[in-house]
Amino acid sequence: MRLILLLTINILLSALPLRAGEIIVSEGESIHHALRQAREWRRTADPRCEGGITIHLAPGRYYMNEPLFLRPEDSGTAASPTIIRGDGATLCGDPRQQHTQLWPRQGMERMTAFDAESRTITIPTPPAEVLQAKGLEMVVHQRWAIAILRVKEMKVQGAQTVVTFLDPESRLEFEHPWPQPVIGGERGNSSFLLRTTEQRDGIEQLVIIDGASHVSFEGIAFEHTCWNRPLHRGHVTLQGGFPLIDAYKLKEKEGLPWDSGLENQAWVERPVSAVSVRNAHHVNFNGCHFQHLGATALDLIDQVSDCTVGGCRFDDIGGTAIMAGSFAESPREVHRPYTDLAERCERITIHANTIHDVSNDDWGAVAIALGYVRDCTVSDNTVSTMNYSGICVGWGWTSHDTGMRNNRITGNHVSDYARQLYDAGGIYTLSAQPGSVIAHNLISQPYPAPYATNHRGFCIYLDAKTDGYTIDDNKTYPYTPTGSRPIRRDEIGDNHPGPNLIFKQ
C-alpha cells in the first residue's frame, strides 16, 4: 500500500507543470544533488532564480549518510530565498545508542563517598554479575548536571566497593570543583546508576548551515541521530550540557581581576547538534518536527541574526531542543565577562513551538538555551517534561556589561521540569541583561525530583548576578493550569542578583 501511495504521489508530481525555480526530489533521490542544482542556477544567474528557489521533498525517508551542507554559495536573497519544503519528508540518520541499566534495576542508588584526591567513588557493593560486566558506565548525579564516567576498575571491600574511572573524564570529574557529587546534602548524598551501551558510533548531524543566508526549512522532519562522545571520552559537564575539555580549581591566590572569589577555571566545547547554523542570517525553520535525536536538536551557534524557529515540534530529544548564541566555548575560558559575543547572536525569535520530552540522555540539558544574546524573543512556546531547567537565557555569571540586553521571555507555558536535577528553574537566567523582560508566562511548580540533594527548584530562577529584568504577571499552578495564581516572591530564586531588577508580581 505504501509503495502504491508513493508511486501515485510521484506520478501526480511529475504531471504537474513545474514553476520557475522549483526542484522536485523523490524518495531515494539525492537531496545533495538538488541543492547543487539550485547552487548552479544562482551561480549562472539563471532566470529560474527569480522569486526564489523551492526544493520540494516528496513524502518518504531520506537517509543521510553525510550531513547536508549549505555553504555561502547556497544563499538566497530577500527577494529570492531558498526554501527546502517537505510534507511527509523525513531526513534521518541512525537510531541513537541504547542503554541497559544493570544496577540498580530501576531508579538510582545513593553513593557512599566521593574522593577527589584518590579519584574514586565508593558505592554499596553491586551484585556479582554487575561486578563482572564489561564496558560499564557510571551515570553520576551532580546536583545541576550529570557525569557519564567509563568504569576502569571496581574493588570490593566487603559491603562497599571503590570505583575508579578512565581518563579524560576521571581527571575532569575530580579536578573541577563545580559541579561534583554532594556527600551530606540537605536531602542526602548524590546518586548513581551503572549501565552498558549496546550501539557504538552513529551519524550525529543531518544538516550543517555555514554561511548560507535567506534559507528556510518548512515542514521537514529531522529524526534519528547519535551522540558518540560518551563512548570515547565520557561526559563531564560544567552546566547546561556543555562538556568540559579542561578544568581545575585555583589553588593559590584564588580570584581573578573580574571576580575576586572565582575559584575555578574551565574550558568547554559545544554539544553536537542534529541541525546547526552559523555565519548566517535569515535562516528559518517553520513547521518542522525534530524527534529521536541523541544530543542537541537545533543549534544557532555563532554569527547568526534575524532567524526564526516557529511552529516546530520537538519530541524525544537526548540533549537540548533549541540552542542559540555563544557559551564562551574553547579556546575562551568560560568564566570571563566577554563583551564581543552578544552582538554575534541577535534578533532570534523562538515562537509557538511545542517542546516535549527533552534532556533524556544528558539530564543537564534544557528545552531552550540562549547564551550570549541580545534582542532575542522566546514567546508562546509550550515546554514540558525535562530533567533540568526549561527556558534559559544568559551566560557568564557576571554583573559586568557584556552586551546582553533586551531579551524577552513572554507568554510561555513551562511544566514538568527539574525531574532529576535541582538548582533549576522553569525559567532560568544568568548575568546582567538590561531592558529584558520575563512576563505573562505560566509555569508549574518544579517536579519533586527524587534524587536531588537540595531543595533549590524554582518557577523562576534569577541565578548568578542576574540583573536588568522586569518580572511581571507570571503565574504558577501546583497541579492543573486552571488553578493558576501569581508566582509569589518566595517562588522566584535569586543568587546575588543585581540592583536593577523590577518586580511587578
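Q: In this predicted model, is Glu-175 buried, partly exposed or exposed?
A: Buried residues fall under 20% relative accessible area and exposed ones over 50%. Glu-175 has a relative accessibility of 31%, so Glu-175 counts as partly exposed.

Q: Which residue forms a salt bridge with Glu-175, the closest N and O atoms being 3.1 Å apart?
A: Glu-175 sits in helix α4 (residues 169-175), and its partner lies 56 residues apart, in the loop between β8 (113-115) and β9 (120-124). That partner is itself partly exposed, at 26% relative accessibility. With the closest N and O atoms 3.1 Å apart, the residue is Arg-119.

Q: Lys-249 and Glu-263 meet in a salt bridge; which of them is buried?
A: The closest approach here is 3.9 Å, N to O, and the cut-off for a salt bridge is 4 Å. Lys-249, in strand β17 (residues 244-249), is partly exposed at 37% relative accessibility. A relative accessible area of 18% is under the 20% limit, so the buried one is Glu-263.

Q: Where does Gln-97 lie, and with which side chain does the side chain of Gln-97 make a polar contact?
A: Gln-97 belongs to the loop between β5 (82-92) and β6 (99-103), and Gln-97 is buried, with a relative accessible area of 6%. Its side chain also reaches the backbone nitrogen of Trp-227 at 3.2 Å. The side-chain partner, at 3.0 Å, is Asn-228.

Q: How many salt bridges does a search of the whole structure find?
A: One of them joins Glu-346 and Arg-347, with the closest N and O atoms 3.4 Å apart. Over the whole structure, the search finds 30.

Key
Residues numbered from 1 in each chain as written. Predicted model: local features only at pLDDT ≥ 70, side-chain atom pairs only at ≥ 80, totals over all residues. Heavy atoms only, no water. Helix = DSSP H or I, 4+ residues; strand = E, 2+ residues; numbered from the N terminus. Buried < 20%, exposed > 50% of the residue type's maximum accessible area, 1.4 Å probe, protein only. Polar contact = N/O pair within 3.5 Å; in protein donor to acceptor, adjacent residues only side chain to side chain. Salt bridge = Lys/Arg side-chain N within 4 Å of Asp/Glu carboxyl O.
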